[in-house]
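Thanks for coming. I will walk through one model this morning, strands to begin with, then helices, then two points in the loops.

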Amino acid sequence: MKKRILVVDDEPALTRMVKLVLEKSGNYEVRTENQGTMAIPAAREFKPDLIFLDVMMPDMGGDEVSAQLKEDAELAKIPFIFMTAIVTPDEVEETGSNIGGNLFLAKPVKPDQLLATIESTLGGK
């Protein structure tokens, strides 16, 4: 059974690229949203196994979205990974790094790094 991944980023080109890479692998079903405010309703409807969140979005940042996820009993156990342009890919490890205990990937995200991070996060599930 394919794992479900929700990708939330205000850059449509990035969400399209991530969706294409993940679906091409044949292991994932992907839904994208380009507004942070849509992340919670999308998660409730789609029931993802993992959520990718952009840190900085104009309407609602990833930190706010993650806080709401953690407060919702139905969504609190869904792991999430932040994506950010605040740091460069050269500054982080191949399978991501942590900010405040939360995993993050630097933009631009490399396809092999994206897949490796997902596999390490969902590997035991």
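A word on naming: helices and strands here are DSSP runs, a strand being E over at least two residues, and they are numbered from the N terminus. On that basis Arg31 sits in strand β2. What you are looking at is a predicted model.

Let me stay with β2, which covers residues 28–33 and pairs with strand β1, residues 3–8. The two strands run parallel, joined by 6 bridges. Two of the facing positions are useful for finding your way around. Arg4 stands opposite Glu29 in β2, and Leu6 has Arg31 as its bridge partner.

What does Arg31 touch, leaving out residues up to four places away in sequence? The list is Ile5, Leu6, Val7, Ala42, Glu45 and Phe46. Of these, Leu6 is the bridge partner I just mentioned. Ile5, Leu6 and Val7 fall within the β1 range, residues 3–8, while Ala42, Glu45 and Phe46 fall within helix α2, residues 39–46. For a distance, take Arg31 and Val8: 23 residues separate them in sequence, and their C-alpha atoms are 8.6 Å apart in space.

β1 also pairs with strand β3, residues 50–54. That pairing is parallel too, with 4 bridges. Here Ile5 is the residue to look for, since Leu50 in β3 stands opposite Ile5.

How do we get from β1 to β2? Helix α1, residues 12–24, makes a β-α-β unit with the two strands, and the unit is right-handed.

Now the helix packing. α1 packs with helix α4, residues 111–122, at an angle of about 65 degrees. Their axes are 10 Å apart, and the crossing is right-handed. From α1, the residues in the contact are Val18, Val21 and Leu22; from α4, they are Pro111, Leu114, Leu115 and Ile118. By class that gives 7 nonpolar residues, with no polar and no charged ones.

The other helix pair is α2 with α3, where α3 is residues 62–71. These axes are 10 Å apart as well, with an angle of about 45 degrees. Parallel, perpendicular or oblique? Angles under 35 degrees count as roughly parallel and 65 to 115 as roughly perpendicular, so α2 and α3 are oblique to each other. Their crossing is right-handed. Ala39, Ile40 and Ala43 on the α2 side meet Val65, Gln68 and Leu69 on the α3 side. Of the residues in that contact, 5 are nonpolar, 1 is polar and none is charged.

Last, the two loop points. Where is the cis peptide bond? Lys107 and Pro108 are joined by one, with omega about -5 degrees. Pro108 belongs to the loop between β6, residues 102–106, and α4. The other point is Lys47, in the loop between α2 and β3. Phi of Lys47 is near 55 degrees, which is a positive value in a residue other than glycine.

That is the end of the tour.

Methods. Residues are numbered from 1 along each chain as its sequence is written. This is a predicted model: local features need pLDDT of at least 70, side-chain atom pairs count only at pLDDT 80 or more; totals for chains, interfaces and linings use all residues. Side-chain values use heavy atoms; hydrogens and water are left out. Axes are lines fitted to C-alpha atoms, for helices over the stretch in contact, and angles run from 0 to 180 degrees between N-to-C directions. Angles under 35 degrees count as roughly parallel, over 145 as roughly antiparallel, 65 to 115 as roughly perpendicular and the rest as oblique. A crossing is left-handed if the near helix is turned anticlockwise from the far one by less than a right angle, and right-handed if clockwise. Contact means heavy atoms within 4.5 Å. Ala, Val, Leu, Ile, Met, Phe, Trp, Tyr, Cys and Pro count as nonpolar, Asp, Glu, Lys and Arg as charged, and the others, Gly among them, as polar. Two strands pair if DSSP finds at least two bridges between them. A crossover is right-handed if, with the strands pointing away from the viewer, the path from the first strand over the helix to the second runs clockwise.
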